[in-house]
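Reader: Can you walk me through this one? I'm new to reading structures, so keep it plain.

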Amino acid sequence: MSCLSNSIFHNVFVKLSGSLLPYYAASLIAMTFTLLPALSDEVSEPFLPPGLSIMRKMDGYYVVSGSEGHGIYSAKGTLIIPARYDDIKYVGDRKFVVRKFQDASTSCWLFDDKGTFIARLPDWTLVNDSVFHEGLLNIGDSYSPTAFVDEKGKVLPNFDRYTDVKEFSDGLAAASLTNRDGRWAGFINHQGKMVIGPFENADVFKFENGRAIVAANPKTGKPKAGLVSSKGTFVVPMIYDSISSIGNDKFCAQRNNQVAILDSDGKVVIQFPADCTSITPPDKFDKNTWIACGFKGKLNQGLKWGFCDVNGKVVLTPRFALASSFIGNRAVAYEKLPVEGLACGVIDRKGRWLVEPKYKYITIIDDNRWNLGELVKGKEPAVIPNAHSARALTFQKALQSHDLIGMSLRQFEELVGKLEFPPYLKPEKKLGVKVAQLVLVDSMCGQGSEVLTVALDANDCISGWRVLEGGITGHSQPWITENVCLDDGRKGFQLGNLVPKK
C-alpha cells in the first residue's frame, strides 16, 4: 500500500457576496485516501532456477541463495556469479567482492558484473558499506591501518599510515593519523600523500564542490572551524566555533553564540539576530524562504522558535517549542503538551495552526498536502526535525527492548545503524579494547547535540555505553555497564532517568 495512506488534502473555498462583505463560508475539507501503486511501478523479479531464492537487491543486481551458497543474478535473470560463495558485496563501478570460508580460512576475490574474475584480494579484506570512489575502494576498517585497492584489485602503497580515511571526492580524502607527537588530520591524494594539512587535534570532512570543513580541538581554548578549498587555501579562516554544511553550497557557521550562513567563498549571506543561537536549515534558498530560528529564552528558560527571512529579519515572533523551516507557505511547528510532551502540527505564514500539534511527526508535501504521523500518546514524544534525531528515537527503542551489554556489534548496528571508529576515542582500562560512536542528534549550528559512544570488548560485544550531550567535547554521564531502561521516555538518556532492568 502507498505511504500516502495518511495524507491530508486541504482546500479552502471562499465565497464573496458583494465587495463590502467579508470572506465567509471558508471551510477546511480533509479527506484520507489510499493510493495503489501504478502497474508501471511494479518491478518484476528475475526468474530463477529451482532451489534458488532472492535474498536482497543491490543497485539493480540480485543476491540469491541456494544450497551451496550465495550468487548474483541480473535484473533480467542472467547468471553473473554462481551461488556457491559465503558472502557477496556490491562495491560500485559494476564490481563485487566475493568471499569464501573454508577450513578456518578466508579467500576473497574481486569480480565484475559479467562474472569475470579480476583479482584475488587479501584474506583480511573488509568492505562493509565501502564502494569505489574515483576508482579506489577502501578494503580496511576505520580503526586499523587503512588499505585501498584500485579497479584491478591491486593494493596501493602509502595508505597504511592512516587509521581513518573517508571516501574520495575532488581527488582528495579526509584522513587521520596518530604518531608520537599526537593526533593529526588532513587530506590525502590518490597516492596516499597528505597534500593539505596535517592539522593537530582536528577533524576534517569530505570535500563537496571544492570545499571542506576543518574543525580543530586545541588542548586549551575553544574549538575553531574553517573552510578549506581543494587547492589547500582557507576560504574561511579558523575563526568560527563551528561550521556545518547545509547543502546548496552553503554553510551554517556559529561564532560567540551568533549564527550566520556563508556561501562557498566564505561570504556571509545571512546574518541572524544576536539572540538567535540555532537554526533548522531550509531545503532551498530563494527570496521567499523563511528559516526556523531558535532564540534565547528569558532567565535561561530555553529556546523559543520563530522564523527569519533571507535578510535575517524576524518575520514570525518566537513562540514555538521547536520548528522546521517553511516549505512553500507551510511549516511544521512543535508545542510541549502537559502530558504527552513534544508534539507537532502545521502552521501557515501567520503562525496559525492549520493542524493542531498532536502528532509524532508530519511531512509537508506542498501547501495543500502533508503526511500525518501517529498521534503522540503517553510517554512517546515527537520526533524533532533533524537528519539524525530519528537515530535517538531508534536507540531509545533498542534500549527499552534489548539488553545492550553483551550484545554483538553486528546486532547493535542492525538495530541503530552503522557506527564510526574515530582514532581519538580510547577505552578506559578494563572497559574494552575499542570505542565507537554514533551521532544521535546533530544540532547543526546550536546546542543540543547528542553523541552515543560504545565500548567493545575483544569479541566485538558491547561492554559499556554513554551519551555525550553537546557533542564529543560535551558533558556526559559515566559509562553504563549494566542493562538499564528509561524510566521516562520524555526525559532522554540522563543518568537519573536510567533504571536497572528487572
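Author: Let's begin with a term. A residue is buried under 20% relative accessible area, exposed over 50%, and partly exposed in between. Also, keep in mind that this model is predicted.

Reader: OK, try it on N257. What does N257 count as?
Author: N257 has 38% relative accessibility, so it counts as partly exposed.

Reader: And where is N257 found?
Author: N257 is in the loop between β23 (250–255) and β24 (258–263). Its backbone deserves a look too. N257 is not a glycine, yet it has a positive phi of about 65°.

Reader: Why point that out?
Author: Because most residues other than glycine have a negative phi.

Reader: What about N209, what is its phi?
Author: Phi of N209 is near 55°. That is again a positive value in a residue other than glycine. N209 sits in the loop between β18 (202–204) and β19 (211–216).

Reader: Is N209 buried or exposed?
Author: Exposed. N209 reaches 59% relative accessibility, and the cut-off for exposed is over 50%.

Reader: Which peptide bond is cis?
Author: The one from G197 to P198 is cis, with omega near 5°. P198 belongs to strand β17, residues 194–200. For background, most peptide bonds are trans.

Reader: Let's do sheets. What is the strand order in the one with β18?
Author: The order is β18-β19-β20-β21. This is an open sheet of four strands, with antiparallel pairing. The edge strands are β18 and β21 (234–240), and each pairs on one side only. Neighbouring strands are turned by 15° against each other on average, direction ignored.

Reader: How many bridges join β19 to β20?
Author: Six bridges join them, and the two strands run antiparallel. One residue to find is V214, which stands opposite G226 in β20.

Reader: And from β20 to β21, how many bridges?
Author: Three bridges join β20 (residues 224–229) to β21, also running antiparallel. Here A225 has Y240 in β21 as its bridge partner. The hairpin of β20 and β21 has four residues between the strands. In that hairpin, G232 takes a positive phi near 95°.

Reader: How many residues of β20 are buried?
Author: Five of the six residues are buried, so β20 is largely enclosed by the rest of the structure.

Reader: Now the sheet with β4. Which strands stand at the edges?
Author: First the order: β4-β5-β6-β7, an open sheet of four strands with antiparallel pairing. β4 and β7 (79–85) stand at the edges. Each has a single partner strand, so one side of each is left without a neighbour in the sheet. The twist averages 25° from one strand to the next.

Reader: What joins β6 to β7?
Author: Three bridges join β6 (residues 69–74) to β7, and the strands run antiparallel. Y73 stands opposite L79 in β7.

Reader: Where is L52?
Author: L52 is in the loop between β3 (24–29) and β4 (53–58). L52 is partly exposed, with a relative accessible area of 23%.

Reader: What does L52 touch?
Author: Leaving out residues up to four places away in sequence, L52 touches V64, S65, G66, Y73 and A83. As for G69, that residue is 17 residues from L52 in sequence. In space, the C-alpha atoms of L52 and G69 are 9.5 Å apart.

Reader: Switching topic: how many disulfides does the count come to?
Author: The count comes to zero disulfides. A disulfide is a covalent bond between the sulfur atoms of two cysteines.

Reader: Why is there no bond from C276 to C293?
Author: The sulfur of C276 is 4.0 Å from the closest cysteine sulfur, in C293, and that is too far for a bond. The cut-off used is within 2.5 Å.

Reader: Is C276 buried or exposed?
Author: C276 is buried, at 0% relative accessibility. C344 is buried as well, with a relative accessible area of 0%.

Key. Residues are numbered from 1 along each chain as its sequence is written. This is a predicted model: local features need pLDDT of at least 70, side-chain atom pairs count only at pLDDT 80 or more; totals for chains, interfaces and linings use all residues. Side-chain values use heavy atoms; hydrogens and water are left out. Buried means under 20% relative accessible area, exposed over 50%, partly exposed in between (1.4 Å probe, protein chains only). Contact means heavy atoms within 4.5 Å. Two strands pair if DSSP finds at least two bridges between them. Axes are lines fitted to C-alpha atoms, for helices over the stretch in contact, and angles run from 0 to 180 degrees between N-to-C directions.
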